[in-house]
Every structure is written in structure tokens, then in C-alpha cells.
Amino acid sequence: MSVNLVVLKSGEELITDVREIKSGEEVVGYYFDDPLRLNFNPEQEPEILQEGENTLKYNSKISITFFPWVPFAAQRKNIPCSADWIVTIVQPQEKLIKLYEERINGQNNQNPTVIN
């Protein structure tokens, strides 16, 4: 499983298992397995932990709500997405991967989830 965060041109942020779709050597798209859309909401106003020259460090809590991406699709695996709709694909934090895996395995069906 290659769990990644995917940002789409639409502004949606997904966490999903990602696999490339290739035509020869060129990546033309991606397959998403169990894609979930992320919504972020601040739980509190960020507090400043440290102020330095040209830098600020904050402590804050946010709640993350997972929603199925394409919720009325019959399949949850091999959902194709064209490469030209992808803004970026990055590795998520370990804590977010764990929450995602718990969610898709049916261990955590509660919304929202708060992380620090």
C-alpha cells in the first residue's frame, strides 16, 4: 500500500492508496483505492509557542473529517484520475496514515478526528 496525500486542481485534498497508470514510459493518470476527502477545521485559535527573528512557531489543534471521494461510485478500488488533474502528491504524516488505515478498516468510523 502506498498511502499518499493528493491535491487536485479542484482544491480537494485526498488521502488514498495511489498507483500510476502508464502509457509506455509516461504517467498518464493514477488509480486511487479507498480515496477519502479531507476537511480541516481549527479546534482553537493557534497559540504562539516561540517567536524568533523572522519566525513564529504555533501550537494548534485541528479536526479532520474524512468523507468518501465520489461517494456514489459503485467501486472503492481502481478509481482512475487523469494526471493533468493532480497538483501534487506527497507523503502524509504517520499519524494521518494510521487514522486513514483505521478508517478504511472499519476501526474508526467517528467524525471528526482531532490531531495536534
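The secondary structure of this predicted model comes to 1 helix and 9 strands. From the N terminus, the elements follow the order β-β-β-β-β-β-β-β-α-β. The chain has 116 residues, and 32% of them count as buried. Its exposed area is about 7700 Å². Carbon and sulfur atoms supply 47% of that area. Contacts between residues at least 6 apart in sequence were also examined. Of these, 59% join residues at least 24 apart.

In soluble globular proteins, nonpolar side chains tend to be buried together. Here, the largest nonpolar core has 11 residues. These are Val 3, Leu 5, Ile 15, Leu 36, Leu 38, Ile 64, Phe 66, Leu 96, Ile 97, Leu 99 and Tyr 100. Two or more residues come from each of β1 (3-8), β3 (26-42), β6 (62-68) and α1 (94-104). The helix α1 gives the most, with 4 residues. Apart from this core lies another, of 10 residues. Leu 14, Tyr 30, Trp 69 and Ile 79 are among them.

Leu 96 belongs to the largest core. Neighbours within four places in sequence were left aside for its contacts. Leu 96 then touches Leu 5, Ile 15, Leu 38, Ile 64 and Phe 66.

Two of these partners, Leu 5 and Ile 15, also face each other across paired strands: Leu 5 stands opposite Ile 15 in β2. Strand β2 covers residues 13-23 and pairs with β1 in the antiparallel sense, over 5 bridges. The two strands form a hairpin with 4 residues between them. In this hairpin, Gly 11 takes a positive phi near 95°.

Terms used. Residues are numbered from 1 along each chain as its sequence is written. This is a predicted model: local features need pLDDT of at least 70, side-chain atom pairs count only at pLDDT 80 or more; totals for chains, interfaces and linings use all residues. Side-chain values use heavy atoms; hydrogens and water are left out. A nonpolar core is a set of buried Ala, Val, Leu, Ile, Met, Phe, Trp, Tyr and Cys residues joined through side-chain atoms within 4.5 Å. Buried means under 20% relative accessible area, exposed over 50%, partly exposed in between (1.4 Å probe, protein chains only). Contact means heavy atoms within 4.5 Å. Two strands pair if DSSP finds at least two bridges between them. Accessible areas come from the Shrake-Rupley method with a 1.4 Å probe; for residues, only the protein chains shown count as cover.
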